[in-house]
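Colleague: I would like to learn how to read a protein model, one feature at a time. Could you take me through one?

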Amino acid sequence: MHPLGILDIAAVTWFLCAWFGFNIVVELSPLRQKTLSHAMDSYRRSWLRAMCNREVRIMDTAILSGLQQGTAFFASTALLAIGGCFALLDSTERILQVAQDLSIPVEASRTLWEIKVLGLMLILAYAFFKFGWAYRLFNYSSIIMGAVPERGHTSEAGIHTIADKAGNLNVLAGRHFNRGQRAFFFAVGFLGWFAGPIVFSATTLAVLLVLLRRQFASRARDTVLASTNALASGHHPSGPSVTK
């Protein structure tokens with residue numbers, strides 16, 4: 001008998017469609033220009049352009065160092081989670097017995113349990129590779145940022161060309177970091193499968209709705225877009241007046 005039932009296959013299909021479909025919407029479709037991530041990409045490029053006007057760039061190196069440290073933290077977390085999954089595989093019988101004793105709705109099939117754990121490990125491994133590559137790209141961005149010459153040593157066009165290269169690498173690193181985070185979020189939805197395919201479908205939908213709201217209807221998005229529009233028009237957002 002096949003360990004995966006029709007409901008399990010349908011739930012896994014829905015999970016994959018939700019995950020990859022969300023990536024397509026926020027990265028490839030015309031709707032990507034309305035997302036929070038796209039607005040932040042503009043700020044990443046503007047930041048590296050603005051750096052060209054500063055003689056002391058300690059603040060810029062501190063910002064980039066913070067981005068690298070955050071990426072390294074998530075990469076380490078992914079490795080620890082993968083190690084925890086190996087522990088789950090080694091303790092399958094004990095976990096299933098405890099679940100039955102506590103009347104927790106977990107499938108008693110050892111094969112199905114191991115399939116679920118292996119699926120979770122694949123998601124975490126994908127996240128680790130994304131975070132690892134994002135960390136490397138942030139390193140490349142910092143190296144190119146260090147190569148941006150000061151004013152007076154070369155032309156403005158030359159300075160901006162190198163700064164744009166650093167900005168483009170920073171944007172690319174941010175995209176890979178976002179993909180790794182999405183894998184983490186959908187891994188939370190994947191945990192619902194351990195309680196059954198119905199719960200799995202519900203948790204996947206919940207994660208998808210949360211991510212869609214953050215990208216298209218969150219307060220953070222409204223704030224970033226308002227600031228972007230103000231900068232584009234040459235005005236600052238409304239706020240307390242400043243006296244001379």
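Modeller: Happy to, and we will go from the overall fold to single residues. Keep in mind that this is a predicted model.

Colleague: Let's start with the fold. How many helices and strands are there in the chain?

Modeller: A good habit is to list the elements before looking at details. Here the chain has 8 helices and 0 strands, so from the N terminus on the order is simply α-α-α-α-α-α-α-α.

Colleague: What share of the residues count as buried?

Modeller: A residue counts as buried when its relative accessible area is under 20%. By that cut-off, 34% of the 244 residues are buried. As for the outside, the accessible surface comes to about 14100 Å², and carbon and sulfur atoms account for 66% of it.

Colleague: And which residues do the contacts join, in terms of sequence separation?

Modeller: Take the contacts between residues at least 6 apart in sequence: 76% of them join residues at least 24 apart.

Colleague: Now a helix pair. How do α2 and α3 run relative to each other, roughly parallel or roughly antiparallel?

Modeller: For a pair like this, read the crossing angle: over 145 degrees counts as roughly antiparallel. The axes of α2 (residues 36-51) and α3 (residues 58-90) cross at roughly 150° and come within 11 Å, so the two helices are roughly antiparallel. At their contact, Arg-44, Trp-47 and Met-51 of α2 meet Asp-60, Ile-63, Leu-64 and Leu-67 of α3. By class, that contact has 5 nonpolar, 2 charged and no polar residues.

Colleague: Which residues touch the most other members of the largest nonpolar core?

Modeller: Think of a nonpolar core as buried nonpolar residues joined through their side chains. The largest one has 32 residues, and Phe-15, Leu-120, Ile-123, Phe-186 and Phe-190 touch the most other members. Two or more residues each come from α1 (6-27), α3, α5 (110-146), α6 (156-190) and α7 (197-216), with α5 giving the largest share, 10 residues. Leaving aside residues up to four places away in sequence, Leu-120 touches Cys-85, Ala-187, Phe-190, Leu-191 and Phe-194. Apart from this core lies another, of 14 residues, including Leu-48, Cys-52, Leu-137 and Ile-159.

Colleague: One last residue: why does Leu-212 count as partly exposed?

Modeller: Partly exposed covers the range between the buried cut-off of 20% and the exposed cut-off of 50%. Leu-212 is at 30% relative accessibility, so that is its class. Leu-212 lies in α7, and beyond four places in sequence it touches Phe-22 and Ala-217. Phe-22 is 190 residues away along the chain, yet the C-alpha atoms of Leu-212 and Phe-22 are separated by 7.9 Å.

Key
Residues numbered from 1 in each chain as written. Predicted model: local features only at pLDDT ≥ 70, side-chain atom pairs only at ≥ 80, totals over all residues. Heavy atoms only, no water. Axes fitted to C-alpha atoms, helices over the stretch in contact; angles between N-to-C directions. Helix = DSSP H or I, 4+ residues; strand = E, 2+ residues; numbered from the N terminus. Parallel < 35°, antiparallel > 145°, perpendicular 65-115°, else oblique. Contact = heavy atoms within 4.5 Å. Nonpolar A, V, L, I, M, F, W, Y, C, P; charged D, E, K, R; others polar. Buried < 20%, exposed > 50% of the residue type's maximum accessible area, 1.4 Å probe, protein only. Areas by Shrake-Rupley, 256 points an atom, 1.4 Å probe, with all protein chains shown as cover. Core = buried A, V, L, I, M, F, W, Y, C linked by side-chain atoms within 4.5 Å.
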